[in-house]
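Work through the following exercises with the structure open beside the text. Try each task before reading its solution.

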Amino acid sequence: MPSHGWSWTVGIVLLGLGAGACQVPGLPDHVRNNPYFRIRGDDGGWLWEKLTGQQKFSSAQQASGKPDLGSDSKQPVYPSTTPIGENLDEALQKEEAEGKKSRWWDLSALAPEKLYGKAKEAVGLGPDEKLARQLFAEGTELYRQGKYAEAAEKFRLAAFRWPDSPLEEDALFYRAESLFFAEKYSAAYDVFEQLLKKYENSRYLERAVRRQFAIGRYWEQMAQAHPRWPIVPNLIDRTQPVFDTWGYALKAYETVRLHDPTGPLADDALMAAGNAYFLKGRYEDAAYQYDLLRKEYPQSEHQYQAHQLGMKAKQLLYQGPLYDGTPLKEAAELADATLRLFPKAPPQERQRLLEEKNRMVEQLAEREWALAQFYEKKRLYGAARMYYRSLIENPQFARTKYVPLAQQRLAQIQDKPDRPPDYFSWLDRIFPKGR
């Protein structure tokens with residue numbers, strides 16, 4: 001199978017499976033047989049190959065530094081016996097010193113989070129560094145033994161007993177990892193999200209967004225293989241959300257880009273979201289994702305595909321000559337840009353793009369002709385002449401069949417009045433406009 005320079009699909013099918021205990025089913029036949037995905041003339045279409053992870057890395061891609069999504073997803077990364085955040089004593093002393101400086105009438109003491117902290121202390125569940133470290137060590141041992149569900153609970157308690165600390169950051173990450181390998185993907189996604197919201201510059205940022213991307217990819221494939229209404233609950237499969245698996249997959253792609261917009265997976269997430277919308281028939285949303293990718297990530301390896309699929313999505317948005325022509329104009333501009341920016345594309349690809357461009361030019365000319373005909377039938381000859389002249393004078397329409405037709409019609413209505421005569425002018429004399 002040829003490679004087309006995408007790095008996000010390697011190992012994607014297995015990424016969401018944790019330790020590989022289950023398999024992701026393939027996409028349904030109606031997707032695989034969609035003619036828009038066979039633009040290269042091969043059996044399944046290059047988009048189908050990418051979406052199902054059938055293509056492999058080339059040596060050049062391996063050297064480019066793009067992460068191999070399958071490299072660390074089948075085996076867990078073990079935490080050290082003691083958390084990475086070791087300077088907790090100094091942080092505690094500093095916090096106590098600052099607390100002594102605060103005044104007893106400080107209104108911040110009435111903040112809900114502080115009241116909640118006082119309530120925890122009152123029932124014996126307040127911050128306890130020593131206990132948190134012990135819980136983290138117990139969780140680490142369970143994690144190494146592969147008892148991920150039990151480890152996740154220990155890490156949860158460790159984070160709970162020593163909040164707002166490096167230890168909490170470590171515990172949140174390894175709790176999410178434990179849930180991931182326990183195949184509780186929804187819970188894992190939520191904890192990863194909690195980690196990245198509280199610790200925006202977390203040292204686990206890249207690894208966390210990798211997991212979120214993998215989970216989103218798994219959810220998308222499951223939703224395509226077993227579609228159901230968003231309001232129908234999932235009460236059995238722990239690997240999927242309770243509602244709207246496909247919608248949560250799109251949310252996962254979005255959070256990857258929002259949390260790490262300059263990371264190695266940001267452009268991959270946009271491309272994945274665009275493809276998901278395209279497969280769903282939501283071409284306006286797909287075109288938006290492709291546009292965003294082209295503008296914000298000009299060095300992305302997905303540029304060529306984003307140009308082509310963006311062009312196709314805009315073509316599919318066009319509804320006919322009497323409707324808005326903006327999507328068709330933008331599609332034609334994308335065809336021009338693709339031919340200009342990718343001169344080394346295969347000859348058959350360039351030929352296909354030229355044919356698509358000529359077809360769109362013909363449609364644009366048809367739209368000008370249809371509008372001119374519309375106004376001529378309304379006897380609004382001034383507007384009709386304007387559209388006929390626009391059609392004749394536009395150099396890109398010179399080879400279309402509508403130019404000679406427009407010249408004939410323009411000659412026939414040349415002496416017609418701009419507007420039809422007003423047969424009710426006598427009413428204006430009886431009822432002046434001022435009255």
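**Exercise 1. The chain as a whole**

What percentage of the 435 residues in the chain is made up of buried residues?

Solution. Begin by noting that this is a predicted model, and that a residue counts as buried when its relative accessible area is under 20%. By that cut-off, buried residues make up 47% of the 435 residues in the chain. Turning next to secondary structure, the chain holds 20 helices and zero strands. As a last step, consider the contacts with a separation of 6 or more, of which 68% are accounted for by residues 24 or more positions apart.

**Exercise 2. Two helices side by side**

Decide whether helix α7 runs roughly parallel or roughly antiparallel to helix α8.

Solution. In general, two packed helices are described by the angle between their axes and the distance between the axes. Here the axes of α7 (residues 129–144) and α8 (residues 148–161) come within 8 Å and cross at roughly 165 degrees. Because angles over 145 degrees count as roughly antiparallel, α7 is roughly antiparallel to α8. The crossing in which α7 passes α8 is left-handed. Among the residues that meet, α7 contributes Leu-131, Leu-135 and Phe-136, while those from α8 include Tyr-148, Ala-151 and Phe-155. Sorted by class, this contact has eleven nonpolar, two polar and four charged residues.

**Exercise 3. Salt bridges between distant parts of the chain**

Find which residue meets the side chain of Glu-169 in a salt bridge, and then examine a second pair, Arg-257 and Glu-296, in the same manner.

Solution. A salt bridge requires a side-chain nitrogen of Lys or Arg within 4 Å of a carboxyl oxygen of Asp or Glu, and by this rule the count comes to 21 salt bridges. The side chain of Glu-169 meets that of Arg-203, with an N to O distance of 3.4 Å. Glu-169 lies in helix α9 (residues 166–181), whereas Arg-203 lies in the loop between α10 and α11, so that this pair, 34 residues apart, links distant parts of the chain. Glu-169 is buried at a relative accessible area of 7%, while Arg-203, at 40%, counts as partly exposed.

For the second pair, the side chains of Arg-257 and Glu-296 meet in a salt bridge at 3.7 Å, N to O. Here Arg-257 belongs to helix α12 (residues 245–259) and Glu-296 to helix α14 (residues 283–296), and the two are 39 residues apart. Arg-257 counts as buried because its relative accessibility is 18%, and Glu-296 counts as partly exposed because its value is 43%.

**Exercise 4. The surroundings of Tyr-277**

Is Tyr-277 buried or exposed, and which residues does Tyr-277 touch, leaving aside those up to four places away in sequence?

Solution. First locate Tyr-277, which is found in helix α13 (residues 266–280). Its relative accessibility is 13%, and therefore Tyr-277 counts as buried. Apart from residues up to four places away in sequence, Tyr-277 touches Trp-246, Leu-250, Arg-282, Asp-285, Ala-286 and Gln-289. Two of these residues, Asp-285 and Arg-282, form a salt bridge in which the closest N and O atoms are 2.9 Å apart. Asp-285 counts as partly exposed at 28% relative accessibility, and Arg-282 likewise counts as partly exposed, at 37%. Elsewhere, salt bridges that share partners join Asp-291, Arg-294, Lys-314 and Glu-330 into one network.

Terms used: Residues are numbered from 1 along each chain as its sequence is written. This is a predicted model: local features need pLDDT of at least 70, side-chain atom pairs count only at pLDDT 80 or more; totals for chains, interfaces and linings use all residues. Side-chain values use heavy atoms; hydrogens and water are left out. Axes are lines fitted to C-alpha atoms, for helices over the stretch in contact, and angles run from 0 to 180 degrees between N-to-C directions. Helices (H or I, at least four residues) and strands (E, at least two) are DSSP runs, numbered from the N terminus. Angles under 35 degrees count as roughly parallel, over 145 as roughly antiparallel, 65 to 115 as roughly perpendicular and the rest as oblique. A crossing is left-handed if the near helix is turned anticlockwise from the far one by less than a right angle, and right-handed if clockwise. Contact means heavy atoms within 4.5 Å. Ala, Val, Leu, Ile, Met, Phe, Trp, Tyr, Cys and Pro count as nonpolar, Asp, Glu, Lys and Arg as charged, and the others, Gly among them, as polar. Buried means under 20% relative accessible area, exposed over 50%, partly exposed in between (1.4 Å probe, protein chains only).
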